[in-house]
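Here's a quick tour of one protein model, written for someone who likes to check things against the coordinates. Have the viewer open and follow along.

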Amino acid sequence: MTTDLPKEKLVEMYQKMLQIRGFEEKLFELYSQNLVPGTIHLYAGEEAVAVGVCSSLRKEDYITSTHRGHGHCIAKGADLKRTMAEILGKKTGYCKGKGGSMHIADFSIGMLGATAVVGAGLPIAVGAGLSVKLRKTDQIVACFFGEGASNQGTFHESLNMASIWKLPVVFVCENNLYAMGTRQSIAMNIENIADRAVAYGIPGVSVDGNDVLAVYETACKASERARGGEGPTLIECKTYRHRGHSRVDPARYRPKDEVAEWLSKDPIKRFRDKLLRFGVVEGEIQAVEKEVSLQIEEAVRFAMESPYPQPEEALEDVYA
Ligand SMILES: Cc1ncc(C[n+]2csc(CCOP(=O)(O)OP(=O)(O)O)c2C)c(N)n1
């Protein structure tokens, strides 16, 4: 495989993938020390999806997210310190520590929010797409969701509406084969979620979700189509989560050989090997790896040293 992408762009993509993985590894540890309120849904193994898609976007474009949202946030350019602080419930976090992992948002980078309600990001993406169309800007919206969410009514209504109104939305299904402990084949009789696009008269593409460049190229085509006023695309990224559904799930429902096969397709390792083949030297790669581990340490230190919000601030920024 070759690529026309400049080396800086490739290295930036690798850096983002490493940030997501490293950030999570720290979170995993902090959770066992009781420092993470609520739960967390880890994204390790799926980094190529968030980074491939967000690398095709502009800063002013929007994304909507899921309960597995900090990967999307980091890929869209969120500050690691404020993201870590939010998840640890600290006042310096993006939502002053009141959103946590499942409700983190940062409008300044177009991150419209994570959501704990499966399928809830889809209508929000359609609303954002409609707003873009009415305001006549050339922004687009990327909407992340799981294959489980594609069985929700919101998926079907959203794709239909986005299609008839030609809204600038790129629907990105992260098909990691399981919705909690339910295997895809138990919940639907199709193999490719992308096939559902036919019902709405829009393009549907399945792509190797562990290959960041394949995701990027597919997302670029869909983004161009959306920005050009031609309407939405459904992209299905075939991927796998390395860990259980949430931090407390040991994922015993997954066959060991299946897990081993997917671990051998680790998107970060694959991209690292590819970078070497594209002529990025080992020393440059190691320098990025070192820099990212320092950034993560810094994010943890910032979050740990930050104060919790005070009880009297509980009702601030709450709308009813
Ligand atoms: C409307 C709704 N139904 C059920 C749940 C419980 N639930 C949380 S995550 C999840 C699985 C979602 O699977 P998928 O959409 O494939 O995303 P993944 O977790 O695989 O990333 C379920 C059923 C929920 N949060 N919201």
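Which residue in S7 is the bridge partner of Phe171? It's Leu234. Keep in mind that this is a predicted model.

**The sheet**

That pair sits where S3 and S7 run side by side, in the parallel sense, over six bridges. On to S6: five bridges join S6 to S7, and these two strands also run parallel. One of the pairs there puts Val205 opposite Ile235 of S7.

| Strand paired with S7 | Bridges | Sense |
|---|---|---|
| S3 | six bridges | parallel |
| S6 | five bridges | parallel |

Zooming out, the strands belong to an open sheet of five, in the order S1-S2-S3-S7-S6, with parallel pairing. S1 (62-64) and S6 (204-208) are the edge strands, each pairing on one side only. On average, neighbouring strands in this sheet are turned by 20 degrees against each other, ignoring direction.

Helix H5, residues 121-135, packs on the sheet and touches S1, S2 (141-146) and S3 (169-175). The direction of H5 makes about 170 degrees with that of S2. As for S7 (residues 233-238), this strand is mostly covered, with five of its six residues buried.

**The largest pocket**

Now for the empty space. The largest pocket holds about 250 Å³. Its lining counts 18 residues, and the closest to the pocket centre are His67, Gly146, Gly148, Ala149 and Ala179. Strands S2 and S4 (178-179) each give at least two residues to that lining. What is the chemical make-up of the lining, split into nonpolar, polar and charged? The split is six nonpolar, eight polar and four charged residues.

**A look at Lys265**

Lys265 sits in the loop between helix H9 (256-263) and helix H10 (267-277). Is Lys265 buried or partly exposed? With a relative accessible area of 25%, Lys265 counts as partly exposed, because the buried class stops under 20% and the exposed class starts over 50%.

Skipping its neighbours within four places in sequence, Lys265 is in contact with Asn210 and Arg270. There's a long-range relation to check as well: Lys265 and Gly45 are 220 residues apart in sequence, yet their C-alpha atoms are 8.7 Å apart in space.

Definitions and conventions:
Residues are numbered from 1 along each chain as its sequence is written. This is a predicted model: local features need pLDDT of at least 70, side-chain atom pairs count only at pLDDT 80 or more; totals for chains, interfaces and linings use all residues. Side-chain values use heavy atoms; hydrogens and water are left out. Two strands pair if DSSP finds at least two bridges between them. Helices (H or I, at least four residues) and strands (E, at least two) are DSSP runs, numbered from the N terminus. Axes are lines fitted to C-alpha atoms, for helices over the stretch in contact, and angles run from 0 to 180 degrees between N-to-C directions. Contact means heavy atoms within 4.5 Å. On a 1 Å grid over the protein atoms alone, a cavity is a set of points where a 1.4 Å probe fits but cannot get out, and a pocket is an open set with protein on both sides within 12 Å along at least five of seven lines; lining residues have an atom within 4 Å of a point. Grid points are joined across faces, edges and corners, and a volume is the space filled by probe spheres set on the points. Ala, Val, Leu, Ile, Met, Phe, Trp, Tyr, Cys and Pro count as nonpolar, Asp, Glu, Lys and Arg as charged, and the others, Gly among them, as polar. Buried means under 20% relative accessible area, exposed over 50%, partly exposed in between (1.4 Å probe, protein chains only).
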